[in-house]
Amino acid sequence: MRRIWHAFGLQLQHPAGLAGAIAGWLMGVINDEPNRLAIHAMEIGPGDTVLELGFGPGRGLRSIAARTRGPVYGVDHSVRMLQQAKELNETAVARGRMTLVHGPFSPLPWIDGTFDKILLVNVVYFFDPAGQDIAEVYRVLRPGGRVVVYATSRDTMRSWPFAGPETHRTFEVQDLAELLEGAGFSPSHLSIKHVELAFGVKGLIAVAEKAGRSIGGKTTSGAR
């Protein structure tokens, strides 16, 4: 049984094949509420350029595209998830409003300060332990831009047999703060709150803003 749960954990990390398609469907359902909360916290403006890492089947991207007239981008490790997300967002992709990329989270194929907002929902468990993935998030976020992270808390995940240390890095408030501060976010521009989802699932929502001034009239602001 342990091997089955481990295999499921690997599918969540990198969905592939038929099992990956099923995992993707499950992720889409499970992530609906975290996506709703995290996207609300992004406070997406009508012209914002937005990036999501680990977009899974693409439901979050669809919600983002409905909130901005700006371009929307996504990166995912999984070819299967890329296919599902493209199908779900077929019109936006065809019109060039949405660009989806299959590849790693570091390095990212954009210049410094490209994005106004970045979304990370149920993906930081799989970030590299050396901190390069989150450092790339910081690099491509514009000064004054905002990243929002959702992670289910370690307290909840320790009861999930598929979320062992072989596949998932788990978080509590201090861990999430250290991840973001290690990338360059200032503690004064960072807030983390607890959220409670259905079936007693406990999660964390982190909002971090990149200090500094930007070109083009967008100015620095602090996280609330």
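**Note on the second largest pocket and strand β2**

1. In this predicted model, the second largest pocket has a lining of 13 residues, and those nearest its centre are His40, Ala41, Lys193, Ile205 and Val207. Three elements each contribute two or more residues to this lining: α3 (32-42), β6 (190-196) and β7 (202-209).

2. The space within the second largest pocket amounts to about 230 Å³. By residue class, its lining comprises six nonpolar, five charged and two polar residues.

3. A separate point concerns strand β2 (residues 72-76). Five of its five residues are buried, that is, under 20% relative accessible area, so the strand is largely enclosed by the rest of the structure. The burial applies to both faces of β2: Val72, Gly74 and Asp76 are buried on one side, and Tyr73 and Val75 are buried on the other.

4. Which strands pair with β2? One is β1 (residues 50-53), which is joined to β2 in the parallel sense by four bridges. In this pairing, Val50 is located opposite Val72 of β2. Another is β3 (residues 98-102), which runs parallel to β2 and is connected with it through five bridges. Here Tyr73 of β2 is placed opposite Thr99 of β3.

5. The connection from β1 to β2 also deserves mention. Together with helix α4 (residues 59-65), these two strands form a β-α-β unit, and its hand is right-handed. Strand β2 thus takes part in this unit and pairs in parallel with β3.

Note on methods. Residues are numbered from 1 along each chain as its sequence is written. This is a predicted model: local features need pLDDT of at least 70, side-chain atom pairs count only at pLDDT 80 or more; totals for chains, interfaces and linings use all residues. Side-chain values use heavy atoms; hydrogens and water are left out. On a 1 Å grid over the protein atoms alone, a cavity is a set of points where a 1.4 Å probe fits but cannot get out, and a pocket is an open set with protein on both sides within 12 Å along at least five of seven lines; lining residues have an atom within 4 Å of a point. Grid points are joined across faces, edges and corners, and a volume is the space filled by probe spheres set on the points. Ala, Val, Leu, Ile, Met, Phe, Trp, Tyr, Cys and Pro count as nonpolar, Asp, Glu, Lys and Arg as charged, and the others, Gly among them, as polar. Buried means under 20% relative accessible area, exposed over 50%, partly exposed in between (1.4 Å probe, protein chains only). Two strands pair if DSSP finds at least two bridges between them. A crossover is right-handed if, with the strands pointing away from the viewer, the path from the first strand over the helix to the second runs clockwise.
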